[in-house]
Amino acid sequence: MENYYKIVETAVKAIDSKRGQDIEVIKVGDITVICDYFVFATATNNTQLKAIADEIEFKLSEQGIEPHHIEGEKSEWICLDYIGVVIHIFLEGQRNFYQIERLWEDGEKIDIDGLLIKE
């Protein structure tokens, strides 16, 4: 599970570096077998959405970590599945419409302030 948190850290930093918004991390390993962590973020447009997903893939690939599956690469919601960590990058309208975080509100919300660059 510690390795999974390293994926979370790398993903959050990659999202932040591309100015992703409303980043949330929820630890769900105690309540589901789907994964241990969900990461959620919002992009302001399709170009940024793709750039965030590409940066996550690049940074994790540098560490020898490849995605198990990627969904939605040509849509308004990209999901990167790293087995123990599932990362959702949305355009704002999609995130507001689906509100996936609400499904996992029983999980533990992780404080990521220490991972974000202060402006």
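Select D81 first: its side chain is buried (under 20% relative accessible area, with exposed meaning over 50% and partly exposed in between, for a 1.4 Å probe and protein chains only), yet D81 has no salt bridge. A salt bridge here is a side-chain nitrogen of Lys or Arg within 4 Å of a carboxyl oxygen of Asp or Glu. The nearest side chain of opposite charge is K50, 17 Å away; Lys and Arg count as positive and Asp and Glu as negative, while His and the chain ends are not counted.

This is a predicted model, in which local features need pLDDT of at least 70 and side-chain atom pairs count only at pLDDT 80 or more, whereas totals for chains, interfaces and linings use all residues. Residues are numbered from 1 along each chain as its sequence is written, and side-chain values use heavy atoms, with hydrogens and water left out.

Stay on D81 and show its surroundings. D81 belongs to strand 4 (residues 77–81); helices (H or I, at least four residues) and strands (E, at least two) are DSSP runs, numbered from the N terminus. Not counting residues up to four places away in sequence, D81 touches P67, H68, H69 and V86, where contact means heavy atoms within 4.5 Å.

**Strand 5 and its partners**

Next select residues 85–91, which make up strand 5. Of its 7 residues, 7 are buried. V85, I87, I89 and L91 point one way from the strand, and V86, H88 and F90 point the other way.

Add strand 4 to the selection. Strand 4 and strand 5 pair in the antiparallel sense over 5 bridges; two strands count as paired if DSSP finds at least two bridges between them. W77 stands opposite F90 in this pairing. The two strands form a hairpin with 3 residues between them, and I83 in the turn has a positive phi of about 65°.

Now add strand 2 (residues 37–43), which runs parallel to strand 5 and is joined to it by 7 bridges. To find one of these positions, select F40, whose bridge partner in strand 5 is H88.

From H88, move to I100, which is 12 residues away in sequence and 9.2 Å away in space, C-alpha to C-alpha. I100 sits in the loop between helix 3 and strand 6, and counts as buried at 11% relative accessibility. Leaving aside neighbours within four places in sequence, I100 is in contact with F40, W77, H88 and F90.

**Aromatic rings**

Show the Phe, Tyr and Trp side chains. Rings (for Trp, the six-membered ring) pair if their centres lie within 6.5 Å; planes under 30 degrees apart count as stacked, over 60 as edge-to-face and the rest as tilted. The structure holds 6 such pairs. Y5 and Y37 have ring centres 5.9 Å apart and planes at 55°, so the pair is tilted. Y5 lies in helix 1 (residues 2–17) and Y37 in strand 2, so the pair ties together parts 32 residues apart in sequence. Y37 is buried, at 6% relative accessibility.

F38 and W104 form a tilted pair, with centres 5.0 Å apart and planes at 35°. F38 is in strand 2 and W104 in the loop between helix 3 and strand 6, 66 residues apart. Both F38 and W104 are buried. Ring pairs also link W77, F90, F97 and Y98 into a cluster.

**Cysteines**

Which residue has the cysteine sulfur nearest to that of C35? Select C79: its sulfur is 9.0 Å away, and C35 is in no disulfide. A disulfide is a pair of cysteine sulfur atoms within 2.5 Å, and the structure holds 0 of them. C35 is buried, with a relative accessible area of 4%, and C79 is buried with 18%.

**Salt bridges**

Show the charged side chains; the count comes to 6 salt bridges. K109 and E24 meet at 3.6 Å, N to O. This pair links strand 6, which holds K109, to strand 1 (residues 21–27), which holds E24, over 85 residues. K109 is exposed, at 58% relative accessibility.

R95 and E101 meet at 2.5 Å, N to O. R95 is buried at 7% relative accessibility, and E101 is buried at 13%. E24, R95, E101 and K109 are linked in a network of salt bridges.

Finish in helix 2 (residues 46–62), where K59 and E62, 3 residues apart, are separated by about one helical turn. Their side chains meet in a salt bridge at 3.9 Å, N to O. K59 is partly exposed at 30% relative accessibility, and E62 is exposed at 52%.
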